[in-house]
Amino acid sequence: GEEMRYGGADDVAGEIQQIRFGTGDGWQVNHLSCRVHKDAERMNVEGLTAELPRSELKGAADLPFRRWIPDSVGRVAVDLSGRLTLPELSRFVPFLNRIPEKPIRAKVVAKGDWQEGVQGEIELEEPSLLRLKTSLRVRNILGGGRPSVSGEYDLETGPEIEAGVTELLD
């Protein structure tokens with residue numbers, strides 16, 4: 001990166017201009033860039049661009065990250081948008097490999113507190129495949145029990161994924 005600051009583990013800042021990497025199983029990131037600031041309590045990522053071979057996301061995130069522990073409690077804010085080719089993400093969510101490889105416009109905005117609940121809005125759209133708008137609240141994300149999700153959604157699917165969505169919702 002161009003600008004870097006290291007004032008100890010709780011004071012790190014920098015600009016990452018370009019990172020490119022791949023994993024042994026073939027998953028790859030063609031480009032990753034952002035500005036990062038990490039203090040004793042939080043990690044703030046701005047100007048994020050992440051490009052995979054067929055997907056791209058841009059945005060920002062402000063996360064609790066106390067002492068380099070990624071599941072720290074506290075408030076969170078995420079704002080991402082771009083295009084996703086869902087089978088490309090099946091490494092993290094296996095059922096996505098059954099969805100046709102068409103780029104889907106995506107927008108995710110979430111704010112809240114890991115302990116008290118996070119309010120989010122998600123929009124996904126590829127006219128021949130699906131249109132999803134959802135507003136949800138997730139509670140007990142880092143608690144000892146099962147997370148609970150409540151909210152509303154409006155979903156239209158094309159015939160290519162109708163059976164998979166039905167299976168997922170059952």
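Here is a walk through the fold, the surface and a few charged pairs of this chain. Keep in mind that the model is predicted.

Let's start with the overall layout. The chain has ten strands and one helix. If you trace the order from the N terminus, you pass through the strands and then reach the helix at the end of the run, β-β-β-β-β-β-β-β-β-β-α. The C-alpha trace spans about 55 × 35 × 25 Å along its principal axes. Of the 170 residues, 33% are buried. Contacts tell you something about how the chain folds back on itself: among those with a separation of 6 or more, 33% are between residues 24 or more positions apart.

Now for the outside. The accessible surface comes to about 10,500 Å², and carbon and sulfur atoms own 54% of that. One spot to look at is a nonpolar patch of about 250 Å², made by Phe92, Val93 and Phe95. Phe95 sits in the loop between strand E6 (75-84) and strand E7 (104-113). Its relative accessibility is 32%, so Phe95 counts as partly exposed.

On to the charges. There are 22 positive and 29 negative side chains, with the centres of the two sets 2 Å apart. Side chains of opposite charge can pair when their charged atoms come close. In this chain the count comes to eleven salt bridges.

Take Arg5 and Asp11 to begin with: their closest N and O atoms are 2.8 Å apart. Both ends of this bridge are partly exposed, Asp11 at 26% relative accessible area and Arg5 at 39%.

Next, go back to the E6-E7 loop, where Arg91 is found. Which residue does Arg91 meet in a salt bridge? The partner is Asp25, at 3.0 Å from N to O. Asp25 lies in the loop between strand E2 (12-22) and strand E3 (28-38), so this pair ties together parts that are 66 residues apart in sequence. Arg91 is partly exposed at 40% relative accessibility, whereas Asp25 is exposed at 54%.

The last pair is Arg105 with Glu125, a salt bridge of 2.9 Å from N to O. Arg105 belongs to strand E7 and Glu125 to strand E8 (residues 117-126), so the bridge links distant parts of the chain, 20 residues apart. Arg105 is partly exposed at 39% relative accessibility, and Glu125 is partly exposed at 24%. This pair also has company: salt bridges with shared partners join Arg105, Glu123, Glu125, Arg131 and Glu156 into one network.

Note on methods: Residues numbered from 1 in each chain as written. Predicted model: local features only at pLDDT ≥ 70, side-chain atom pairs only at ≥ 80, totals over all residues. Heavy atoms only, no water. Helix = DSSP H or I, 4+ residues; strand = E, 2+ residues; numbered from the N terminus. Buried < 20%, exposed > 50% of the residue type's maximum accessible area, 1.4 Å probe, protein only. Contact = heavy atoms within 4.5 Å. Areas by Shrake-Rupley, 256 points an atom, 1.4 Å probe, with all protein chains shown as cover. Lys, Arg positive; Asp, Glu negative; His and termini not counted. Charge placed at Lys NZ, Arg CZ, Asp CG, Glu CD. Patch = residues over 30% accessible without salt bridge, like charges linked within 9 Å, V, L, I, M, F, W, Y side chains within 5 Å. Salt bridge = Lys/Arg side-chain N within 4 Å of Asp/Glu carboxyl O.
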